Amino acid sequence: MKAIVFPGQGAQYVGMGKDLYDSSAKAKELFEKANNILGYNITDIMFNGTDEELKQTKVTQPAVFLHSVINALCMPDLKADMTGGHSLGEFSALTASGALGFEDGLKLVYARAMAMQKACEMKPSTMAAIIALADDVVENICKEVSTEDEIVVPANYNCPGQLVISGDVNAVEKACEKLKAAGAKRALVLKVGGAFHSPLMQPAKEELAAAIKNTTFHTPICPVYQNVDGKAHTDADEIKSNLIAQLTAPVRWTIEVTNMIAAGATEFLECGPGKALQGMIAKIARGNDAVSVSGI
């Protein structure tokens with residue numbers, strides 16, 4: 001069985017999507033439609049901009065979404081038995097599977113980006129990647145460090161031995177010191193604008209919830225695995241609820257991929273910029289020769 005998965009923020013690069021735009025009339029039409037929906041030419045920044053321009057929140061998330069979704073929509077033979085996405089990539093998965101229309105998907109991603117940017121500006125916050133330490137050790141140290149005023153929580157369960165934490169700057173830095181002392185190979189503060197997938201995203205969650213509730217969702221053509229619980233969903237109302245919860249809840253990617261494999265997935269295809277998910281999935285499926293991982 002084939003699982004198509006979609007990457008999140010961080011996979012962007014200048015030039016992304018230009019080959020699609022130049023080689024496919026359908027892709028060109030969708031990119032131009034996106035320019036009209038957003039009210040600015042995101043294609044100019046994606047194809048010919050600078051790294052700094054592409055890192056703007058209002059650009060990054062729609063850019064990764066567009067590259068991923070247009071790639072999928074322009075490949076009619078690309079039939080998925082199941083799909084999923086990492087963080088932002090969940091919106092791509094829902095759009096590619098028909099749970100969201102292209103225009104609605106893009107509008108929600110843009111609303112998400114702007115709401116997250118506002119939340120980031122309210123309080124200094126960040127994230128850090130913790131390498132080669134057991135999940136429960138990371139969880140316990142986050143609890144030890146967190147106070148009423150400053151919190152740090154597990155945010156992305158990416159694969160065995162790789163967990164990202166998220167929270168107030170001071171709490172993240174304190175946690176990193178304790179995690180290194182506990183045996184982490186690396187505890188690296190990331191260059192991100194804020195504490196994604198943590199309670200600090202609550203203002204963004206409330207704003208995005210209103211947009212999601214006012215958007216029509218459909219039954220997808222195949223099960224969509226969601227980050228909040230790592231399980232397959234096809235019910236539109238469940239999908240909506242999980243999508244709203246996603247902003248302040250951890251991305252349970254390890255469980256999600258494990259569940260996909262348990263459901264019969266043997267071929268994973270990453271659709272979108274970068275190769276981050278391929279590396280994670282290879283580690284999650286290590287020792288399972290029946291599982292193959294590649295990019296589109």
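1. The axis of a helix is a line fitted to its C-alpha atoms over the stretch in contact, and the angle between two helices is taken between their N-to-C directions, from 0 to 180 degrees. The structure discussed in this note is a predicted model.

2. In this model, helix 2 (residues 25-38) packs with helix 7 (residues 102-122) at an angle of about 50 degrees, and their axes lie 11 Å apart. Helix 2 is therefore oblique to helix 7. The two helices cross in the right-handed sense.

3. Which residues of helix 2 meet helix 7? They are Leu30, Lys33, Ala34, Ile37 and Leu38, and their counterparts in helix 7 are Phe102, Glu103, Leu106, Lys107 and Tyr110. Of the residues in this contact of helix 2 with helix 7, seven are nonpolar, three are charged and none is polar.

4. The note now turns to the sheet. Six strands, in the order 8-7-2-1-9-10, make up an open sheet with mixed pairing. The edges are occupied by strand 8 (232-233) and strand 10 (292-295); each has a single partner strand, so one side of each has no neighbour in the sheet.

5. Within the sheet, strand 1 (residues 2-6) pairs with strand 9 (residues 267-270) in the parallel sense, over four bridges. In this pairing, Lys2 stands opposite Glu267 of strand 9.

6. A helix also packs on the sheet: helix 6 (residues 89-96) touches strand 1, strand 2 (82-85) and strand 7 (224-225). The direction of helix 6 makes about 150 degrees with that of strand 2.

Methods: Residues numbered from 1 in each chain as written. Predicted model: local features only at pLDDT ≥ 70, side-chain atom pairs only at ≥ 80, totals over all residues. Heavy atoms only, no water. Parallel < 35°, antiparallel > 145°, perpendicular 65-115°, else oblique. Left-handed = near helix turned anticlockwise from the far one by under 90°. Contact = heavy atoms within 4.5 Å. Nonpolar A, V, L, I, M, F, W, Y, C, P; charged D, E, K, R; others polar. Pairing = 2+ DSSP bridges.
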